[in-house]
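Student: I would like a close look at the salt bridges in this structure. Which residues pair up, and where do they sit?

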Amino acid sequence: MLNTEEIKPNEGKKVLEVPERIIVKNLAEKMNVKATDLISELIKNRIFANINDVLDFETAEIVADFFGFELVRIETIAEKRKQQLKNNIGPGAKKRPPVVVVMGHVDHGKTTLLDQILKTNVAGEESGGITQNVSAYQVNKKGETITFIDTPGHEAFHSMRERGAYITDLAVIVVAADDGVKRQTIEAVNFTKEAGVPVLVAINKIDKADKNIDKVKQELAEIGLLTEDWGGKTVCVNVSAKTGAGIDELMDMIILAADMEEIKANPNCTTEGFVIESHMDPQIGPVAIVLIQSGTLKDGDYVSVGSIWGRIKRMDNFLGKRIHKALPSTPVTLTGLNEVPKVGAFLIGETSRLVAERRAIEFAKIEKEEGRGERQIISTSRIKELVKSRKVKKLNIILKADTRGSLEAIIQILEAIDSEDVVVQILKMGVGNISETDIKMARSSNAKIIGFNVEISSVIEKFAEKEKIEVKIFKVIYELVSEIKKGLTSILEPEIVRTDLGTLKTIALFKLPKKSAKKIDMIFGAKVESGKVEKGSLLEIFRGDEKIGDGIVKELQCNKKVVKEVKKGNDAGITFEGNVLVQENDIIVSYKNETKMRKL
Ligand code: GDP
């Protein structure tokens with residue numbers, strides 16, 4: 001499918017279909033040019049990529065143009081899915097629960113709101129079954145079922161949120177009444193616009209004394225969300241996730257908004273779903289939380305999930321209760337996959353093991369082609385940065401995390417660290433605890449091991465100590481990131497900052513250097529005409545307009561006394577060491593260089 005053919009000639013240029021990201025080698029093959037020629041052309045464009053590096057579409061477009069090709073983007077997998085889901089609304093389609101995503105700026109109260117909705121809408125007995133934070137759940141209200149999914153709050157989860165918007169019917173944007181519209185609020189709104197998802201605003205924390213609802217509405221209007229009471233169309237409900245005020249009204253509004261949309265899916269067509277979360281359970285193996293989008297997933301079904309496959313062994317609903325089939329809009333926790341799938345991967349119900357396996361292999365090939373495989377570590381923007389400064393220093397790390405989602409989130413933040421001189425090189429990343437292999441790899445490649453929500457056994461820890469391998473484990477992403485930033489800062493070359501101190505004019509020569517000497521040691525007198533000169537000052541010697549040499553102040557005297565500095569208006573006796581013979585009437589600039597630790 002991705003085998004690119006030339007599709008039509010266009011103004012003398014041949015048209016090629018390529019994915020969003022493509023490996024240099026593959027692009028060369030598709031254009032039928034030598035990889036070395038393509039690399040030379042990249043270098044001309046100041047991109048020093050090697051044959052296995054991944055180019056983004058824009059870069060590929062520029063170089064392909066040189067070889068007479070016009071590139072056309074192959075529609076992304078997400079776009080394809082969206083289209084397919086639309087096709088599901090046909091004969092046989094039935095009403096399904098709306099899928100509502102809650103988005104908003106960090107700390108504006110998403111989690112609290114989701115907890116409050118769960119608390120007030122799941123029957124008492126059942127809610128006892130919820131033992132931990134769930135990222136997806138269903139509630140019943142007035143005979144209607146609603147599926148809620150949480151989107152991780154940190155900006156790091158950018159990509160997941162973006163995809164989160166794709167799989168949902170409705171987005172609730174949470175804005176804190178005491179804080180107003182913030183960057184992540186705007187991002188969330190933009191995602192919903194892009195994905196064509198209707199929006200409902202919940203102004204939260206109205207119990208707080210410093211709330212300013214009008215100001216929030218003003219700010220919402222500024223980003224194109226004019227609320228109904230301001231003459232616009234955006235439904236907006238004032239709530240307090242803490243006290244529960246307004247939650248009922250919010251639920252009513254969600255049901256009303258969902259009724260306006262045609263929310264349907266065919267429970268009898270091919271099963272499709274979307275991985276919301278995944279992790280490796282040491283006892284039961286790979287676990288995934290999947291939102292079913294169409295069809296019905298049943299025990300024993302074969303599935304492919306991106307590049308992996310499996311046969312459903314067990315499914316639990318959000319209450320942890322075993323279920324044997326899952327209809328559209330149901331979030332299920334499932335086991336039976338051969339590996340941990342990526343968050344954001346699509347699950348497809350398959351007719352047999354063979355088909356499932358084959359589709360997974362084909363998908364892996366596409367991923368590889370697009371450079372999305374696990375080993376993909378340097379992005380094109382990174383390569384561009386490498387180009388700018390060939391002296392780039394690398395901080396090698398091995399990254400282990402509890403879930404694919406966290407891995408992806410961490411990678412994304414690391415990629416965004418903007419420095420021309422240092423770069424994080426992830427030698428290996430994976431889901432799972434820190435292993436002996438990790439330590440061995442760290443030893444052979446001089447890397448640090450960074451873990452997120454993972455563990456290290458005391459045996460492995462001792463081994464790491466013996467091998468002097470630094471292992472750090474974090475529970476909070478930004479602490480992890482700040483540790484890596486610290487590591488990067490420590491390998492940054494310090495910056496040298498020059499500060500001019502003053503100017504002098506030579507008035508007398510006291511002791512002249514030996515003729516044979518290679519470096520010039522001499523003593524002269526000079527008047528400080530501006531600023532000052534210090535012991536240890538660096539000197540630039542000018543004769544006329546021309547700089548003729550450099551030197552340093554070894555000793556300094558004023559009125560025959562040894563001093564640390566001589567200021568404007570005074571005469572200084574300077575013991576000089578330099579590379580030029582100073583003469584009367586030379587102009588001398590005194591300055592100092594300071595090394596400063598640089599920041600990222
Ligand atoms: P998230 O980052 O958007 O998930 O935000 P959280 O739900 O973790 O809430 C951030 C903080 O705001 C927590 O300390 C909550 O207790 C607090 N909070 C959330 N909702 C309310 C509310 O309605 N009123 C008040 N006073 N505090 C709230």
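Tutor: A salt bridge here is a side-chain nitrogen of Lys or Arg within 4 Å of a carboxyl oxygen of Asp or Glu. The model is a predicted one, and it holds 32 salt bridges.

Take D571 and K527, whose closest N and O atoms are 3.7 Å apart, which makes them a salt bridge because the cut-off is 4 Å. This pair links distant parts of the chain: D571 belongs to strand β33 (residues 571-578) and K527 to strand β28 (residues 520-534), 44 residues apart. D571 is partly exposed, at 39% relative accessibility, and K527 is partly exposed too, at 35%.

Some salt bridges share partners, and in this way K448, E470, K472, E483 and K486 are joined into one network.

Next come E144 and K95, which form a salt bridge with the closest N and O atoms 3.4 Å apart. E144 lies in strand β9 (residues 144-150) and K95 in strand β6 (residues 94-95), so the salt bridge ties together parts that are 49 residues apart in sequence. E144 has 23% relative accessibility and counts as partly exposed, whereas K95, at 58%, counts as exposed.

The pair R353 and E357 is placed within one helix. Their closest N and O atoms are 3.4 Å apart in a salt bridge, and both residues lie in helix α11 (residues 353-369), 4 residues apart, or about one turn of the helix. R353 is partly exposed, with a relative accessible area of 44%, and E357 is partly exposed as well, with 25%.

Key:
Residues numbered from 1 in each chain as written. Predicted model: local features only at pLDDT ≥ 70, side-chain atom pairs only at ≥ 80, totals over all residues. Heavy atoms only, no water. Helix = DSSP H or I, 4+ residues; strand = E, 2+ residues; numbered from the N terminus. Buried < 20%, exposed > 50% of the residue type's maximum accessible area, 1.4 Å probe, protein only.
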